[in-house]
Amino acid sequence: MADVPKRILKEIERLNRDPVPGIEVNTIEDNIRYFNVIMCGPSKSPYEGGRFKLELFLPEEYPMSPPKVRFLTKMYHPNIDKLGRICLDILKDKWSPALQIRTVLLSIQALLSAPNPDDPLANDVADQWKTDEKLAIQTATEWTQKYAIEVWAKNPEVKP
Amino acid sequence: MVEVPRNFRLLEELEQGEKATSAGYCSYGLADLEDSLMYNWTALILGPLNTPFENRLYQVLLRCDENYPKVAPKVWFITQINMPGVNQKTGEVDLSTIEYMNKWKPSYTIHMVLEALSEKMTRKESRLPQPDKNSTYKVIRPDSKKPE
Amino acid sequence: MDGDEFEPILGSLQKKKPWEVDFKVYDPHDLLVKQEAIVDRLQSPLALSRETTTLLLRCCFWKEESLLESFLLDRDGTLAKVGLPEHPPRPKFEAGDESFMCEICYCDGADETYLALWCGHRFCRDCYRAYVSGKVHEGESWRIRCPAVKCRTLLGLEPARFILADDKAMLNRYEENLTRSFVNDLPTFSWCPAPNCEYAIECQVPRSTWETTIPTVHCRCGKAFCFSCKHDDHIPAPCSLVSMWMQKCKDDSETSNWIKANTKECVKCKSTIEKNGGCNHMVCRECHHEFCWVCMGPWAEHGQSYYNCNRFDEDSSKNARDSVSKSRAMLERYLHYFTRYNNHEQSAKLARRLLAATEKNMDQIQRDHTLSWIEVQFLSEAVDVLSLCRSTLKWSYVLGYYMKSGNQKTIFENNQSDLEMATELLNELVENPITEDGPSIEEFKRMVIDKSTYVKTRWETILADITAGLQENRWQFESE
């Protein structure tokens, strides 16, 4: 394994010492730059009660380049596509090397509370969100129930 | 070197495939746009000029299992093709017989597999009589989640 | 304008043709001089540091007048809007203290050296270097900001140069990016699209007339391109038709297989014939059958009027259309135009190869006939004319494809035929090497010059007519 920058080691150390409320971060075997994340859906959102799986990877250029993150749990959200890819400015051109894994995950959690259908990644979902927000929120709630709540109840070990 | 995990490596390849201009002679993408494991890929290769494959489009299926890119993808021609290295009953490609692909390396990509197949089409040993245009192999590929 | 003179295209003695536009070519040094001149002009009226003046100009895309106006109306507001201090402090590295910690690499303490912009965000020297180098590597220049989260402070040119001072290569790249951004940010400037060409072109022709006067510009490197869409020279077809056509060709090439690239079969003996010259008069090597490459008909029937095959004969195709479906007729109509379009493209490529052969040929002529270099230039000039006409003919088929039938189109097609016939004759003449029993060199030269002059006249006629038609809105186009 290549030398791991001090910054990454310190970030991991801090995440372990002082975990982010509602977000679990675990390294995946034999790749210190690769993490499994479980994120709790924010309250007062259609994602409330759900536990969502994500994967996060710190590329070689990190922190000069943003981390790569995607949802593994199926999401009904205008800024998240079918493969779980996330449209969020700080993961793209608004990235700052002073941002961290912690702040990135908090921003993603905030995105769940405040969907932005005007900057969509999933066009069909965004259209639904704009034309009938109530129905869209209902679908998101159903998906949360199906893919982020029931899955865990049936078998806590299973990959959602 | 930092090792890029399978899923993020495939996402990169997908993005390159999506961005690629049509100027190329091959294109590729996910076979199932909702398959978040990105298991099956579908590709098209345009037969090179001045070969028996000229003016024909070849559909190819590639399967990247959990161990990709450490292990090579499995590759099948869907469109029938008479070419060395391709099993005439199933369309399966034996990558060990394809130049540039015989020793798989994790740095190789789906695009490079397609390039190598296209290169194979231009070789002397591939100057063979061809089956009817647009005929396909009628087989159920082993451990295929969705038979074609 | 600041008194820059545009270069006349064909020498100052010749009058500008209706289809030609004014433009000026800049090399990298000219571009630096141009930028400095604009900064010079604004620095004293704004009464700001050179650094701030430059950044302000860049932030407002070099719109001098609107910058000056908004600055005079609201000095502080203008500065604040772009996040600039009036007098930015000189950049310097400072020694860290107990409270210092770099937010990028998490190094801390008094052993570290840091830099802070006027916003006060401190980052260590190594991270600043890596950060700025990374941005420069991505092509950025003046838009680089303080690395802190959501901080809008611009790094500025001087701090960037200060941080990169020890990395000459990166510093050069930064300066290149600044110039690159200057050209990209000004709508009247464009880079030459030729690979590795470092010239830029300024063209002041207003955008509103680009559809009627196609802004074809000629770079000093030899590349001719359209200033509007950056496509290779596509006169006489307007950009909108070119883009429709290119899309169509792209769509069709993926689904159909009709593109016959470089080979055809001899109609008589079926042996494969490769087109290896630009001329349409083909002779089969096997059976010596002579035929026209475009319509595959026997050459003898063409005589001097073989150019008939350049027209999609609406009358004679009527019968055919009754018996075949409409979509088939549409495909055939498209194929008709595409074949001719593609033929001129292929011939133009061969013409370029011909030029290389011609140069050898000229050496030979020079040696055999003891002529001076200048006296054999007629051949290379003839090939230049050929290339020009091939390009115009090629794009004229795109124009024809979208043009509605009618009297106007008939006139256009007659002009097209004239040019096409003249071009083929010149091509054939130039392609044939001089032989013992052929005409003398003096005769040959006279023939080539006569033909070239005639072709050039036909070329000017068709371009003048098409341009006039576009400007008078005389042509009727229909999209599918």
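User: I'd like to start with confidence. Where does pLDDT stay under 50 around residues 274–279 of chain C, and how many contacts does the model have there?

Analyst: This is a predicted model, and pLDDT is the predictor's own confidence in each residue. Over residues 274–279 of chain C it stays under 50, and the model has 24 contacts beyond four places in sequence for that stretch. Residues 303–325 of chain C also remain under 50, with 35 such contacts.

User: What is the mean pLDDT of chain C?

Analyst: The mean for chain C is 81, and 77% of its residues reach 70 or more. For chain B the mean is 86, with 90% of residues reaching 70 or more. You can also read confidence element by element: in chain B, strand 1 (residues 26–30) has the lowest mean pLDDT, 85, and strand 4 the highest, 95.

User: And which scores are given for the model?

Analyst: They are ipTM 0.88 and pTM 0.71.

User: Now the interfaces. How many residues of chain B and chain A take part in their contact?

Analyst: Start with who touches whom, then ask how much area is covered. Here 18 residues from chain B meet 17 residues from chain A. Together the two chains bury about 1500 Å², and 61% of that is on carbon and sulfur atoms. Three residues, B:V2, B:F8 and B:E34, supply 38% of the area that chain B buries against chain A, more than any other three.

User: How many salt bridges does the rule find across the interface of chain B and chain A?

Analyst: It finds one. The partners are the side chains of A:K74 and B:E34, at 3.3 Å from N to O; B:E34 is also one of the three residues named for buried area. Between these chains there are four residue pairs in polar contact, both residues at pLDDT 80 or more.

User: Which element gives the largest share of the side of chain B that touches chain A?

Analyst: Helix 1 of chain B, residues 6–19, with seven residues. By class, that side of chain B has ten nonpolar, two polar and six charged residues.

User: How many residues of chain C are in contact with chain A?

Analyst: You can read this interface in the same steps. Here 14 residues of chain C are in contact with twelve residues of chain A. The buried area is about 1100 Å², with carbon and sulfur atoms giving 61% of it. On the chain C side, C:I104, C:Y106 and C:V149 supply 53% of the area buried against chain A, more than any other three residues.

User: What does the rule find there for salt bridges and polar contacts?

Analyst: Zero salt bridges, but five residue pairs in polar contact, both residues at pLDDT 80 or more. Helix 5 of chain C, residues 125–137, gives the largest share of the side that touches chain A, with three residues. That side of chain C divides into twelve nonpolar, no polar and two charged residues.

User: How many salt bridges does the structure hold over all chains?

Analyst: The total is 29. One inside chain B joins the side chains of B:K70 and B:E3, at 3.6 Å from N to O. This pair links distant parts of the chain, 67 residues apart: B:K70 sits in the loop between strand 3 (57–63) and strand 4 (74–77), and B:E3 in the segment before helix 1.

User: Which residues of chain A does UniProt list for "domain: UBC core"?

Analyst: A record can label a span, and the model then shows how that span is built. An unreviewed UniProt entry lists residues 3–149 of chain A under that name. Over those residues the chain is 35% helix and 18% strand, with the end C-alpha atoms 39 Å apart.

User: Which spans of chain C does UniProt list for "domain: RING-type", and where does it place the "coiled-coil region"?

Analyst: The unreviewed entry lists residues 98–313 and 102–150 for "domain: RING-type". Residues 102–150 are 27% helix and 14% strand, and their end C-alpha atoms are 16 Å apart. The "coiled-coil region", also from an unreviewed entry, is placed at residues 341–368 of chain C. That span is 100% helix and 0% strand, and its end C-alpha atoms lie 39 Å apart.

User: Last, the backbone. Which residues does the cis peptide bond in chain A join?

Analyst: Most peptide bonds are trans. Here a cis bond joins A:Y62 and A:P63, with omega about 5 degrees; A:P63 is in the loop between strand 3 (51–57) and strand 4 (68–71) of chain A. The bond from C:I235 to C:P236 is cis too, with omega near 10 degrees.

Note on methods. Residues numbered from 1 in each chain as written. Chains lettered and ligands numbered in written order. Heavy atoms only, no water. Contact = heavy atoms within 4.5 Å. Buried area = accessible area lost by both parts, 1.4 Å probe. Salt bridge = Lys/Arg side-chain N within 4 Å of Asp/Glu carboxyl O. Polar contact = N/O pair within 3.5 Å; in protein donor to acceptor, adjacent residues only side chain to side chain. Helix = DSSP H or I, 4+ residues; strand = E, 2+ residues; numbered from the N terminus. Nonpolar A, V, L, I, M, F, W, Y, C, P; charged D, E, K, R; others polar. UniProt positions renumbered as here; feature names shortened; annotations may be inferred. pLDDT = per-residue confidence, 0-100.
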